[in-house]
Amino acid sequence: MRRLVLRTGVRWKISIAIAAVGALIAIALSLVVHNAARVSMLDNAREVQMERLRFAQRLYEASKPREPKFGAKLNDPGLPGELDKLMRENRRGTYVRETPKGAPDVWAAVPLGNGDVLSMHSRIVADGSTQIMQDLDQALVVGSVSVVFGGCALGVLIGGQLSRRLRNAAAAAGKVAQGNTGVRVGDAVGGVVRDETDELARAVDALTDALNERIEAERRVTADIAHELRTPVTGLLTAAELLPPGRPTELVRDRAQAMRTLVEDVLEVARLDSASERAELQEIALGEFVSRRVTVLAPEAEVRVVHESWVSTDPRRLERILGNLLANAAKHGKPPVEVTVEGRVVRVRDHGPGFPEALLREGPSRFRTGAYDRAGHGHGLGLTIAAGQARVLGARLTFRNAAPEGALEPGGAIAVLWLPEHAPTTTGSFPVLRLPEGREQKK
């Protein structure tokens with residue numbers, strides 16, 4: 001059962017986090033300020049109510065006969081219980097009663113000497129204090145919203161910078177994974193402020209350097225071993241020619257020739273890995289060239305030229321690629337083998353079990369034959385050499401499987417060679433073309 005995964009960028013994660021923290025802080029501060037202002041307003045209302053009650057008390061004590069004035073009441077039966085308790089203790093006090101709707105009620109009461117209680121009750125009206133509270137609440141709301149949007153914008157700015165650095169690092173690492181070992185992740189990240197991204201870039205660059213050193217050491221060892229084996233293998237072949245005719249002699253010659261072929265293939269792979277090979281270009285008619293070479297290399301293959309095209313390429317290397325692709329189709333696939341030329345594109349297809357999944361996913365690899373999907377014979381060097389020669393030509397060699405209509409199983413392996421419009425020169429660069437405006441552009 002697949003889990004639901006939400007994918008989002010670092011930029012939006014940081015923005016949401018900053019906006020959420022800003023919103024929480026703004027809400028908390030707004031509540032604190034609102035409550036503090038409300039408490040201050042109620043305390044002021046209590047003091048005002050008590051001053052009015054004192055004034056009413058002085059008028060009550062000075063009048064003859066004594067009558068409550070100025071809105072005061074004597075022994076009010078609606079006096080709240082809290083105030084009534086204070087009166088029995090002979091203490092003056094105030095009380096605020098919250099109402100479900102509207103402003104709160106403010107009570108003030110004072111005990112008289114004869115046991116009576118003089119009290120005053122009024123409701124806080126929408127005066128200046130109430131208007132100030134409304135303005136304060138409005139300002140708090142506007143400030144909170146501004147903080148949230150400001151935090152979100154700051155998060156987008158900070159997260160965008162970090163996301164851009166990470167994307168540059170990922171793109172550079174992808175180029176390194178594709179074989180462009182000259183790319184430095186640290187240079188691709190750039191920036192003035194140093195953070196964990198630079199540590200990641202340095203670690204990836206160090207890993208790349210270590211891998212390059214290991215690959216170069218393995219290449220040198222492979223080339224040295226193959227070079228050292230060439231002389232004894234040549235001597236072995238020469239000695240095999242001197243053996244008397246017979247079945248044992250044929251077996252010795254066959255195995256010695258296979259060993260010699262393997263040594264030559266390993267040396268060729270080592271030269272291709274060193275990136276020292278250069279193409280010797282010639283103008284050829286691709287369809288005619290492929291037809292003649294396929295007739296010699298694999299007479300049983302079917303050749304079809306859809307569209308003829310003149311290309312500038314190295315015929316020897318192109319023939320090597322064709323030979324390896326045809327040999328792979330004959331060894332691991334099933335007939336018929338079809339070769340199609342369309343413009344600068346050459347396709348080689350067989351009708352066997354198809355390429356192994358590892359090859360389709362990772363590309364050709366030496367000494368890996370894909371025995372589970374193919375016949376399992378050989379050393380896996382044929383397609384590796386073909387891909388290396390294609391890189392020397394500036395071409396692209398791709399692999400895929402064909403599925404016939406209505407079938408679930410692969411219907412054969414298809415190797416496609418895409419020759420470039422402008423092939424690399426003998427120095428490894430690309431020719432300089434003169435544009436109509438007189439400017440020069442490198443291809």
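## A tour of two helices and a sheet

Start with helix 7 and helix 8, which lie oblique to each other. To find them in this predicted model, select residues 286-297 for helix 7 and residues 315-332 for helix 8. Their axes come within 10 Å and cross at roughly 50 degrees, an angle that falls outside the ranges for roughly parallel (under 35 degrees) and roughly perpendicular (65 to 115). Turn the view a little and you can follow the handedness too: helix 7 passes helix 8 in a right-handed crossing.

Now show the side chains where they meet. On helix 7, pick Leu286, Phe289, Val290, Arg293, Val294 and Leu297. Facing them from helix 8 are Pro315, Leu318, Glu319, Leu322, Gly323 and Leu326. Colour this contact by class and you should find nine nonpolar residues, one polar and two charged.

Next, move to the sheet. It is open, with four antiparallel strands in the order 1-4-3-2. Which strands stand at the edges? Select 73-74 for strand 1 and 93-97 for strand 2: each has a single partner strand, so one side of each is left without a neighbour in the sheet.

Stay with strand 2 and add strand 3, residues 105-111; the two pair in the antiparallel sense over five bridges. For one of the paired positions, zoom in on Arg97, whose bridge partner in strand 3 is Asp105.

For the last stop, bring in helix 1, residues 10-62, which packs on the sheet and touches strand 1, strand 2, strand 3 and strand 4. Select 117-123 to light up strand 4, then compare directions: helix 1 makes about 135 degrees with this strand.

Terms used: Residues numbered from 1 in each chain as written. Predicted model: local features only at pLDDT ≥ 70, side-chain atom pairs only at ≥ 80, totals over all residues. Heavy atoms only, no water. Pairing = 2+ DSSP bridges. Contact = heavy atoms within 4.5 Å. Axes fitted to C-alpha atoms, helices over the stretch in contact; angles between N-to-C directions. Parallel < 35°, antiparallel > 145°, perpendicular 65-115°, else oblique. Left-handed = near helix turned anticlockwise from the far one by under 90°. Nonpolar A, V, L, I, M, F, W, Y, C, P; charged D, E, K, R; others polar.
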